[in-house]
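Trainee: I've got a model open and would like to learn how to read its strands and its surface. Could you walk me through it?

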Amino acid sequence: MAERLIQASRQRRAKAMTAAAGLAGQAAVPLLLCALLAPSGAYVLDDSEGLGREFDGIGAVSGGGATSRLLVNYPEPYRSEILDYLFKPNFGASLHILKVEIGGDGQTTDGTEPSHMHYALDENYFRGYEWWLMKEAKKRNPNITLIGLPWSFPGWLGKGFNWPYVNLQLTAYYIVTWIVGCKHYHDLDIDYIGIWNERAFDVNYIKVLRRMLNHQGLQHVKIIASDNLWEPISASMLLDPELLKVIDVIGAHYPGTLTVKDARLTKKKLWSSEDFSTVNSDMGAGCWGRILNQNYVNGYMTSTIAWNLVASYYQQLPYGRCGLMTAQEPWSGHYVVEAPVWVSAHTTQFTQPGWYYLKTVGHLERGGSYVALTDGLGNLTVIVETMSHKHSRCIRPLLPYFNVSHQFATFDLKGSFSQIPELQVWYTKLGKPSERFLFKQLDSLWLLDSGGSFTLELQEDELFTLTTLTSGRKGSFPPPPKPQRFPSVYEDNFNIDYPFFSEAPNFADQTGVFEYYVNMEDPGDHRFTLRQVLNQRPITWAADAFNTISVIGDYTWSNLTIKCDVYIETPEKGGVFIAGRVNKGGILIRSARGIFFWIFANGTYRVTGDLAGWIIYSLGHADVTAKKWYTLTLTLNGRFSSGKLNGKTLWKNISVNFPENGWAAIGTHSFEFAQFDNFRVEASH
């Protein structure tokens, strides 16, 4: 049945795309009848009067934050397969651009990413996973464009203020060290650098940053500003000639395919430097297909960058599955190549940065849009989309209503394209499973007898690419393993002498940074531990908690026992906790509920129903001090909870009615050093 449907689709498409001129015999009759019955429009693709703007590429963001957290823990070959689907040319999404977060120790949507400089005299260019990801992208596509952008900053830069512009030279130095470290330690050349994601810019800081880049021999690194709205950065540039000179690209977020007059007057490159953020269903794929075309048609934006690259974080965190593909189960190896990957391919596999848009682009008469690009060497790629309003709404901004209906579109190739003999055809149809096709190659379109003219029959929610390039490919691997729940029994003793990554597998830091640590003071059982390493609050991007916390496990866990060795490093004021049924994370972490079992260096314990400590179930004396290891055990069973200290019951049968399920977690009372070891959880749903 499926094969018959494919054959029928191919036959129907072959008829619909038959050349509209020079036809003879009966083959022309059905097309003529359809053309009489359905509305049609004519569109010219011509380079005779020059070309449009230079195309800068399609890309995606890793970070903002911790969106690739679980990817690094995938076993091979699945991790490499995921990376191939994202970055390998002529295989999958084949991205032109990778934009990464410059980790700043703060919560930046779905977690924290570690800074290369936690403290003023600290430099480490192997923390986190963005270096690794950039190298993997470069390995697959040496020409990929790399962009760095900070969301949060380590607290020492603020000198007591939650503001990165207290000392402009110091913040610029911090950013430049990251760029230099990329090159020195990883042989990575950063192409573009941003200012502060979706937050205020400082005109003088941007100028200082440009001067410092130049002083370090980094003239090739270009500046994007301001990764927020089109204004006030555009007006500021028009009023300040020096600012106008030092900014290379105006990057706006979620522009709704529109720009503003001031941005265009700068005559700078205009990018949608963050867009999409939509669940990667067919709705998300429709959103992505529409804006990839219309960001240029409506707004002259020559690059569109998706947040995010791959949904590799716990799905119940904010914006679950808002990546081009999904890879959130390293414990099973399961991943899903979602529809936005193949929507990306319609553009990325048949264009390259440095190509040019034609001036002849626009909207279709009955809804939808078309763009055309050329390399100036005779190649042409045309992308046509008819995404409906109902099936292409992005998460933001609000999409004004429009209508798309059945239509015929006739395209006339003029200028240097008039003699093109053949176009390859790739097709996507979103919607009902029985009608759905993703990046399917159809029969090529011959133009020799048509005078360079062809007609497409277009329905709602379709995507066509017509191109002279023959290198397109729908890459594939054998199916990955089937999905599985997080293991119901999980333990980690953190005994790794030379860890490849700084963070322990599957722990997702939500405030603070938890890293592998070698405890030189304890050559015994606790030589290798997991340590919370921040001793001051970062310059925040979101509403970080006042306590540090890292979550792990299955969000559906209800009945469970968590056991962990803990070590308070701060005398008198220090404190640590283990927790279960933690129900919130990401930008909502401050309001997380759960059952939290705390001990403090002042010799007390506490049981609370929230991370902030407002809901107190129990408190009392505990034989606890700093600089000593203790074993905490938290048991949750139905509506009751109990806790043990060093194997002895400290409290029991405390009634807890909410929440009913959530992650396990570890953390500290404040931004303080503390260590954790021999973590174990045993759960039932």
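Mentor: Let's take a strand, then a sheet, then a surface patch. Keep in mind that this is a predicted model.

Trainee: Okay, strand β8 then. Which way do its residues point?

Mentor: The general idea first: in a regular strand the side chains alternate between the two faces of the sheet. Here, Val249, Gly251 and His253 point one way from β8, while Ile250 and Ala252 point the other way.

Trainee: And how many residues of β8 are buried?

Mentor: Buried means under 20% relative accessible area. In β8 (residues 249-253), 5 of the 5 residues meet that, so the strand is largely enclosed by the rest of the structure.

Trainee: What does β8 pair with?

Mentor: Strands of a sheet pair through backbone hydrogen bonds, either parallel or antiparallel. β7 (residues 222-228) runs parallel to β8 over 4 bridges, with Ala225 bridged to Ile250. β9 (residues 269-276) is also a parallel partner of β8, over 5 bridges, and there Ser272 stands opposite Ala252.

Trainee: In what order do the strands of the sheet with β18 come?

Mentor: That one is an open sheet of 3 strands, β1-β18-β21, with mixed pairing. β1 (40-45) and β21 (453-458) each have a single partner strand, so one side of each has no neighbour in the sheet. Neighbouring strands there are turned by 25° against each other on average, direction ignored.

Trainee: Now the surface. Which residues make the nonpolar patch?

Mentor: Phe161, Trp163 and Val166 make it, at about 310 Å². Trp163 sits in the loop between β5 (145-150) and α5 (168-186), and is partly exposed, at 37% relative accessible area.

Conventions. Residues are numbered from 1 along each chain as its sequence is written. This is a predicted model: local features need pLDDT of at least 70, side-chain atom pairs count only at pLDDT 80 or more; totals for chains, interfaces and linings use all residues. Side-chain values use heavy atoms; hydrogens and water are left out. Patches are made of residues with over 30% relative accessible area and no salt bridge: like charges are joined within 9 Å, nonpolar side chains (Val, Leu, Ile, Met, Phe, Trp, Tyr) within 5 Å. Accessible areas come from the Shrake-Rupley method with a 1.4 Å probe; for residues, only the protein chains shown count as cover. A salt bridge is a side-chain nitrogen of Lys or Arg within 4 Å of a carboxyl oxygen of Asp or Glu. Helices (H or I, at least four residues) and strands (E, at least two) are DSSP runs, numbered from the N terminus. Buried means under 20% relative accessible area, exposed over 50%, partly exposed in between (1.4 Å probe, protein chains only). Two strands pair if DSSP finds at least two bridges between them. Axes are lines fitted to C-alpha atoms, for helices over the stretch in contact, and angles run from 0 to 180 degrees between N-to-C directions.
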